[in-house]
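Student: Got a minute to walk through a fold with me? I want the sheets, a few helices and the core.

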Amino acid sequence: MDVLSDAVAAVRIGRASSNRVRVSGSWCARLAPYEGAGFHVVLQGTCWLLPDGGAPVALGTGDAVLLPHGTGHVLADSPADPATVRRAVPFEDWAGTEAPDGRTALGGVELLCGKYRLDHGRAHPLMAELPVAVHLPNRVGSHPELRSAIDLLGRELNARRPGSGTVLPGLLDLLFVYLIRSWMAEGSTGAWPAVLTDPVTAAALRALHAAPAAAWTNDRLAAEVGVSRPTLARRFTGLVGRAPMAYLTWWRLTLAATLLRDTEEPLAAVARRVGYGTPYALSHAFKREFGATPGRFRAELRDRPGPTA
């Protein structure tokens, strides 16, 4: 897998959920902070997003916005004053009455609102550096894949057809990736868009993510990328913030945590898949990184209440 795919897979839990709502007149709805990421797509009309502690964002038809850290926020017909925001209706109540066609029967502005379940505790730095709100305005010719995904979602929601139960989750997953890709293509000031466009560092990351269990050394990785070891160390460390082998160790342990969370594989199998020769070696490194042995880590996950949609 590539770096972005791996970064998403490491934090994603379960399936996305979504609501399609219409509203008109004077309105204001609050979405509480969420252990995941939220998104909104304006299918028709205009409205405002007011993230907690952030500046208001004007949204128009076709605009998309991602709140990658699950920040609490308000949706409103205008950049509401603080008193109005405090009286905002909880989104769950506001979006609760559906019309016969499956949409909330309230009028003019039409929105697709949804959530992704994410485990922020082991977020890849690419995910961690995303801003509070990623706003992608609907501009002619910009982000064609994102626009196509939004169009397909709109059509699928307009008429629920056979297979919708499979199609909709897949489209929502595509939307998540396209939102992040589009942010990266916007000339973001974050580090990771630069990391993944630097030919040396990007090639090294692709190699490490393609075969994390391989017996990598700095010399082997430099040869794979086609540069000298000092050049690799300078470029990689300067952009990523970790030396290549330090990044590999961190990624192996993050991948181990994902496998412990998502599979029933025994520890020996997990160790082999992430490049550790014995379960003991993995357990020692894992406890140093996460503060718990793999067995305790897996047991605590099983005892934890599941996230709500």
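**Sheets first**

Tutor: This is a predicted model. It has an open sheet of five strands, ordered β1-β9-β3-β6-β10, and the pairing is antiparallel.

Student: Which are the edge strands there?

Tutor: They are β1 (17-23) and β10 (134-136), each of which pairs on one side only. From one strand to the next, the twist averages 15°.

Student: How many bridges join β1 to β9?

Tutor: Seven, with β1 running antiparallel to β9 (residues 109-117). For a register mark, take Asn 19: it stands opposite Cys 113 in β9.

Student: Which helix lies across β1, β3, β6, β9 and β10?

Tutor: That is α5, residues 144-158. Its direction is at about 75° to β1.

Student: What about the loop between β10 and α5?

Tutor: His 143 lies in that loop. Its phi is positive, about 50°, although it is not a glycine.

Student: Is His 143 buried or exposed?

Tutor: Buried. Its relative accessible area is 12%, and the cut-off for buried is under 20%.

Student: Next, what is the order of the sheet with mixed pairing?

Tutor: β5-β4-β7-β2-β8, an open sheet of five strands. At its edges are β5 (57-59) and β8 (89-90), each pairing on one side only.

Student: How do β4 and β5 pair?

Tutor: In the antiparallel sense, over three bridges, with β4 covering residues 47-51. Leu 49 stands opposite Val 57 in β5.

Student: Switching to helices. How far apart are the end C-alpha atoms of α10?

Tutor: They are 16 Å apart. The helix has 12 residues (229-240), and at 1.5 Å a residue it should span 16 Å, so the two agree.

Student: Which residues of α10 are buried?

Tutor: Thr 231, Leu 232, Phe 236 and Val 240. Looking down the axis of α10, these buried residues fall within an arc of 115°, so they line one face of the helix.

Student: And what exposed residues sit on the face turned away?

Tutor: Pro 230, Arg 234 and Gly 238.

Student: What do the buried residues of α10 pack against?

Tutor: Four helices are on the list: α7 (191-195), α8 (199-210), α9 (218-225) and α11 (244-262). Just after α10 comes Gly 241, with a positive phi of about 90°.

Student: Since α8 came up, which of its residues are buried?

Tutor: Val 200, Thr 201, Ala 202, Ala 204, Leu 205, Ala 207, Leu 208 and His 209. The buried residues of α8 pack against α1 (3-11), α7, α9, α10 and α11.

Student: Now the core. How many residues are in the largest nonpolar one?

Tutor: It has 54 residues. Phe 39, Tyr 116, Met 127, Leu 175, Phe 176, Ile 180 and Tyr 247 have the most contacts inside it. Helix α6 (residues 164-185) gives the most to this core, 10 residues.

Student: What is Ile 180 in contact with?

Tutor: Setting aside neighbours within four places in sequence, Ile 180 is in contact with Leu 4, Val 8, Leu 66, Leu 126, Met 127 and Leu 130.

Student: And what does the second core include?

Tutor: Leu 49, Leu 67, Leu 75 and Leu 111 are among its 18 residues, and it is separate. That Leu 49 is the residue opposite Val 57.

Key
Residues are numbered from 1 along each chain as its sequence is written. This is a predicted model: local features need pLDDT of at least 70, side-chain atom pairs count only at pLDDT 80 or more; totals for chains, interfaces and linings use all residues. Side-chain values use heavy atoms; hydrogens and water are left out. Helices (H or I, at least four residues) and strands (E, at least two) are DSSP runs, numbered from the N terminus. The expected span of a helix is 1.5 Å times one less than its number of residues. Buried means under 20% relative accessible area, exposed over 50%, partly exposed in between (1.4 Å probe, protein chains only). The arc is that of the directions from the helix axis to the C-beta atoms. Contact means heavy atoms within 4.5 Å. Two strands pair if DSSP finds at least two bridges between them. Axes are lines fitted to C-alpha atoms, for helices over the stretch in contact, and angles run from 0 to 180 degrees between N-to-C directions. A nonpolar core is a set of buried Ala, Val, Leu, Ile, Met, Phe, Trp, Tyr and Cys residues joined through side-chain atoms within 4.5 Å.
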